[in-house]
Amino acid sequence: MQNIRNKAKELMKGACRVCPVCDGRACAGEVPGMGGLGTGAAFKNNVSALAEIGLNMRLIHGAKEPCTKTAWLGLELELPIVAAPIGGMFNFKEAISEDQYILAVLEGCRDAGSIGCGGDGVPPVITDAVFSGIPKVGGWGIPFIKPWESAELDEKLERSFATGCAVVGMDLDAAGLVTLRKMGRPVGPKTPAELRKIVDKAHGAGCKFIAKGIMTERDAILAVEAGVDCLVVSNHGGRVMEYAPGGARVLFGIVRAVGGAVPILADGGVRNGADAFKLLALGADVVGIGRPVSLAAIGGGRAGVAMLFNNLRNELIQTMILTGCPDVASINETALFGCC
Ligand SMILES: Cc1cc2nc3c(=O)[nH]c(=O)nc-3n(C[C@H](O)[C@H](O)[C@H](O)COP(=O)(O)O)c2cc1C
């Protein structure tokens, strides 16, 4: 992985410093780019919220060969970690084209038994790559579109459904991107009724629907009431709102509020399998990983992404052995130091 990261650093020519620890400090304010918005506080909060959590080492048990398989929204995965949606490779000094990027993510994830998501934005090359890439992997990908307010919403929903995917998502947290509005491409928050309409369209097309960017118990309950099939607890990698808390900080409360009504995906600051374990222990069903996947795809293509996911799986297994968890379902808050 170090060779792959070095290669990514060379190709990105300073657009990402590929720091030893990707924590948002060096790249604060670099949006677009890899950084977090403004002071970078929300990005840093993701990493620090995870770092503050300790794990209980438990060694007298029979969990010798933990199983990381999981079923999520009808998808069978070898590990409960997926590639978060990321788009906009033109911001990275042409290190990789959008088409090459999404294919590397989708194919690399599939090779490792995971699944990749696709992002949305301006210019159209981002979604064009996602909508043409997912059919190339037999529909094994999840397109995420922005909360458009114009006809772009229906058009992109239709194009998402046409990829053959089983699940579509929307990053509701992109609602405040005023730059898009200034470009004549307005996005905005959705009322419960508007969200319900979008969910119904997805269901009508035979797709499950994920709402991304849920950071409060109130939003979680409203989204569940609107019929969503899964929530993503995420502050968008700290790229949309200053001072948003880290995902790990709000996750447990949201999990309790949702009470198992729908599965929960969580992302933000995950850098290794033990980080993923922490989010699972806080109640996430599946974990998303963003920036490290981009570096793996840019520096190592499909094989780099597969290697990253295989490493994450091995690190997760190691953590499961050392905390006494034989399978994903048995990972819970009792593994968190000071929790129980
Ligand atoms: C360069 C970049 C582009 C992103 N583009 C999107 C996007 O198009 N849609 C989306 O839902 N999230 C997008 N995200 C947010 C990620 O899906 C994810 O929530 C975040 O990166 C997770 O944090 P991590 O990078 O610390 O793992 C983007 C993140 C980055 C860094």
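Helices and strands are runs assigned by DSSP and numbered from the N terminus. In the predicted model described here, Ala 112 falls in the loop that runs between α3 (98-111) and β4 (116-118). With a relative accessibility of 7%, Ala 112 counts as buried. The C-alpha atom of Ala 112 is separated by 9.5 Å from that of Ala 303, although the two positions lie 191 residues apart along the chain.

The loop between α1 and α2 contains several of the local features of the backbone. Pro 32 is located in this loop, and the peptide bond that joins Val 31 to Pro 32 is cis, with an omega of about 0°. Val 18 is also found in the loop between α1 and α2. Phi of Val 18 is near 50°, which is a positive value in a residue other than glycine. Val 18 counts as buried because its relative accessibility is 11%. Elsewhere, a cis peptide bond with omega near 5° leads from Val 122 to Pro 123, and Pro 123 is placed in the loop between β4 and α4 (125-136). A positive phi, near 70°, is likewise found for Tyr 243, a residue other than glycine. Tyr 243 belongs to the loop between β8 (230-233) and α9 (247-258), and at 59% relative accessibility Tyr 243 counts as exposed.

Charged side chains were examined next. Across the whole structure, 17 salt bridges are found. One of them pairs Glu 30 with Arg 17, at an N to O distance of 2.7 Å. Both residues of this pair are situated in the loop between α1 (2-12) and α2 (41-51), 13 residues apart. Glu 30 has a relative accessible area of 25% and is therefore partly exposed; Arg 17, at 35% relative accessibility, is also classed as partly exposed.

A further salt bridge connects Lys 156 and Glu 152, whose closest N and O atoms are 2.7 Å apart. These two residues are separated by about one helical turn, because they stand four residues apart in helix α5 (residues 152-161). Both Lys 156 and Glu 152 are buried. Glu 152 forms another salt bridge, with Arg 185, in which the closest N and O atoms are again 2.7 Å apart. Since Glu 152 lies in helix α5 and Arg 185 in the loop between α6 and α7 (192-204), this pair ties together parts that are 33 residues apart in sequence. Glu 152 has a relative accessibility of 9% and so counts as buried, whereas Arg 185, at 21%, counts as partly exposed. Through salt bridges with shared partners, Asp 120, Glu 152, Lys 156 and Arg 185 are joined into one network.

The cysteines were considered with respect to covalent links. A disulfide is a covalent bond between the sulfur atoms of two cysteines. The structure holds zero disulfides. For Cys 109, the closest cysteine sulfur is that of Cys 117, and the distance of 8.0 Å is too far for a bond. Cys 109 is buried, its relative accessibility being 0%. Cys 207 is likewise in no disulfide, the nearest cysteine sulfur being that of Cys 165, 4.3 Å away; the cut-off for a disulfide is 2.5 Å between sulfur atoms. At 3% relative accessibility, Cys 207 counts as buried.

Empty space in the model was also analysed. The largest pocket holds about 950 Å³ of space. Its lining comprises 43 residues, and those nearest the centre of the pocket are Val 31, Gly 87, Lys 146, His 236 and Arg 239. At least two lining residues are supplied by each of α6 (178-182) and β10 (286-289), and α6 gives the most, with three residues. In addition, three cavities of 30 Å³ or more are counted. The largest cavity has a volume of about 130 Å³ and is lined by 15 residues, of which Cys 16, Val 18, Cys 19, Cys 22 and Cys 27 lie nearest its centre.

On the surface, Met 57, Leu 59, Ile 60, Ile 321 and Leu 322 make a nonpolar patch of about 550 Å². Leu 322 belongs to helix α11 (residues 291-323), and its relative accessibility of 34% places Leu 322 among the partly exposed residues.

Key:
Residues numbered from 1 in each chain as written. Predicted model: local features only at pLDDT ≥ 70, side-chain atom pairs only at ≥ 80, totals over all residues. Heavy atoms only, no water. Patch = residues over 30% accessible without salt bridge, like charges linked within 9 Å, V, L, I, M, F, W, Y side chains within 5 Å. Areas by Shrake-Rupley, 256 points an atom, 1.4 Å probe, with all protein chains shown as cover. Salt bridge = Lys/Arg side-chain N within 4 Å of Asp/Glu carboxyl O. Buried < 20%, exposed > 50% of the residue type's maximum accessible area, 1.4 Å probe, protein only. 1 Å grid on protein atoms, 1.4 Å probe; cavity = no way out; pocket = protein on both sides within 12 Å on 5 of 7 lines; lining within 4 Å. Points joined across faces, edges and corners; volume = space filled by probe spheres on them.
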